[in-house]
Amino acid sequence: MAASTRVAEAKAALKEQTIELPSWAFGNSGTRFKVFGQAGVPRDPFEKVADAAQVHQYTGVAPRVSLHIPWDLVDDFEALARHAEGLGVRIGMINSNVFQDDDFMLGSLAHPDPRVRAKAVDHHKQCIDVMRATGSKDLKVWLSDGLNYPGQDSIRARQDRIAESLSEIYGALDDDQHMVLEYKFFEPAFYITDVPDWGTSLLHVMALGDRAKVVLDTGHHAPGTNIEFIVAQLLRQGRLGAFDFNSRFYADDDLMVGAADPFQLFRIMHEIVSAGAHAPDSGVNFMLDQCHNIEPKIPAQIRSVMNVQEATAKALLVDVEALTAAQLSGDVLGAHAVLMDAYDTDVRPLVAEVREEMGLEPNPTAAFAASGYAEKIAAERVGGAQAGWGA
Ligand code: RM4
Ligand code: MN
């Protein structure tokens, strides 16, 4: 393929790719030591959606906002969906939350007490109702279930309980709804996490059915884990449902995607593009799961969307024919060079052009800054309680 054709195809693909935003990125957040409030932070889900819509307005590729229940509970979800639509976005995945109620201290779907398990299952049914009201088609499940001490509970029995609870939740989904199961290797439990890795998540979703897939949070692995290998494996099985994109240096840092390791993000996107999974109908949802503790939130989300776009653009520029030829002939350095040529390309002008062709400003960060929105919300959003992690 001629280089010019590759560029044209890359541009077309970049115009179609979408990146979903997390509502919680717009609320206050912090470490266990301190939450620093910021001026203009949303007081309710309507304001969170409005901020998310700003990110879409300037990037053109972030048309969905994911909700977290109960953080984003409102009296009228249909009104929230209409509000989103009026701002040019829609409601994306619905995240359940079974980690903040006192009842869930010893677990939720794996809890030894059937009453607590039933409560956790019911919460998911409530999330499915939210999906029906908002038009969302995807339920995201992340469990903090785990053990701190050897012997604390039966490892096998907990897997059985999770399987049973998940199948009840899966059974409550409508035919056109899907669910994804997230894994995380540690925290808040330290001895054992009940869904610690992609293998465990995959086994559970395979037992459920075709509409259950794995969600890969890039911050949820041990240091040194080869994430692109996991991506390739899940894609082979048709079981990669979504990404929770973010960056980590140490633990589940939730820093901006592509900040800690842009090369890793490129390698991930190379696996995605190689499998054609960047296409909108691939069923892979590219979502951000981030918290912005010290940086302004809307610009940080804009930057994160740009980071995903740039990594995707580089992956789209890989000379596939040259790469395959080098791979098949055993040309180690040649194959590596083809990949690195794409990674080393400065794609910022190309992505800026894509934006201009979409009728947007080439520099979304500058355009947002010039809009005066940050000053406007800082002046208007006074009084009321700022939304935070756990609101
Ligand atoms: C969890 C997990 C979930 C996210 C919550 C806030 O660690 O990553 O995806 O919704 O944090
Ligand atoms: Mn996550």
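1. Start with the pair Arg-115 and Asp-103. In this predicted model, their side chains form a salt bridge, 3.2 Å from N to O. Arg-115 sits in helix H4 (residues 114-134) and Asp-103 in the loop between strand E3 (90-95) and H4, so the contact ties together parts that are 12 residues apart in sequence. Arg-115 has 48% relative accessibility and therefore counts as partly exposed. Asp-103 is partly exposed too, with a relative accessible area of 23%.

2. Helix H4 also holds Lys-125. Lys-125 forms a salt bridge with Glu-168, and the closest N and O atoms are 3.1 Å apart. Glu-168 lies in helix H5 (residues 155-172), 43 residues from Lys-125, and the pair links distant parts of the chain. Glu-168 is partly exposed at 42% relative accessibility. Lys-125 is partly exposed at 31%. Elsewhere, Lys-11, Lys-15, Glu-353 and Glu-357 belong to one network of salt bridges that share partners.

3. Which parts of the chain does the pair of Arg-381 and Asp-51 tie together? The two side chains meet in a salt bridge at 2.9 Å, N to O. Arg-381 is in the segment after helix H14 (373-380) and Asp-51 is in helix H2 (residues 45-59), so the bridge ties together parts that are 330 residues apart in sequence. Arg-381 is buried at 10% relative accessibility. Asp-51 is buried as well, with a relative accessible area of 2%. The structure as a whole holds 27 salt bridges.

4. Now the metal site. The manganese ion (ligand 2) is coordinated by Glu-182 (OE), Asp-217 (OD), Asp-244 (OD) and Asp-289 (OD), at 2.1 to 2.2 Å. Along the chain, the donors follow the spacing E-x34-D-x26-D-x44-D. Glu-182 is in strand E6 (residues 178-182) and Asp-217 in strand E8 (residues 212-217); they are 35 residues apart and link distant parts of the chain. Both Glu-182 and Asp-217 are buried.

5. Why is the arrangement around the manganese ion (ligand 2) called octahedral? The ion has 6 donor atoms, and they subtend angles of 74 to 165°, which makes the arrangement octahedral. The criterion wants opposite donors over 155 degrees apart and all others between 65 and 115. For reference, ideal angles for six octahedral donors are 90 or 180 degrees.

6. How many disulfides are there? The structure holds 0. The sulfur of Cys-127 is 18 Å from the closest cysteine sulfur, in Cys-291, so the two are too far apart for a bond. The cut-off for a disulfide is 2.5 Å between the sulfur atoms. Seen from the other side, Cys-291 is in no disulfide, and its nearest cysteine sulfur is that of Cys-127. Cys-127 is buried, with 0% relative accessibility. Cys-291 counts as buried at 12%.

7. Two cis peptide bonds deserve a look in the viewer. One joins Ile-69 and Pro-70, with omega about 15°. Pro-70 is in the loop between strand E2 (64-68) and helix H3 (77-86). Another runs from Glu-187 to Pro-188, with omega near 5°. Pro-188 lies in the loop between E6 and strand E7 (192-193).

8. Glu-187 has a second backbone feature. Its phi is positive, about 80°, although Glu-187 is not a glycine. Glu-187 is found in the loop between E6 and E7. The residue is partly exposed, with a relative accessible area of 23%. Asp-254 also has a positive phi, about 55°, and is not a glycine. Asp-254 is placed in the loop between E9 and H8. Buried or exposed? Asp-254 is buried, with a relative accessible area of 11%.

9. On the surface, Phe-249, Tyr-250 and Leu-255 make a nonpolar patch of about 360 Å². Phe-249 is in the loop between strand E9 (240-245) and helix H8 (262-274). Asp-254 has its place in the loop between E9 and H8 as well.

10. Last, a glycine contact across the sequence. Gly-359 is in the loop between helix H12 (348-357) and helix H13 (364-371). At 66% relative accessibility, Gly-359 counts as exposed. Its C-alpha atom is separated by 9.0 Å from that of Gly-60, although the two residues are 299 apart along the chain.

Methods. Residues numbered from 1 in each chain as written. Chains lettered and ligands numbered in written order. Predicted model: local features only at pLDDT ≥ 70, side-chain atom pairs only at ≥ 80, totals over all residues. Heavy atoms only, no water. Donors = N, O, S within 2.8 Å, 3.2 Å for Na, K, Ca; no water. Tetrahedral: all angles 85-135°; square planar, octahedral: opposite > 155°, others 65-115°. Helix = DSSP H or I, 4+ residues; strand = E, 2+ residues; numbered from the N terminus. Buried < 20%, exposed > 50% of the residue type's maximum accessible area, 1.4 Å probe, protein only. Patch = residues over 30% accessible without salt bridge, like charges linked within 9 Å, V, L, I, M, F, W, Y side chains within 5 Å. Areas by Shrake-Rupley, 256 points an atom, 1.4 Å probe, with all protein chains shown as cover. Salt bridge = Lys/Arg side-chain N within 4 Å of Asp/Glu carboxyl O.
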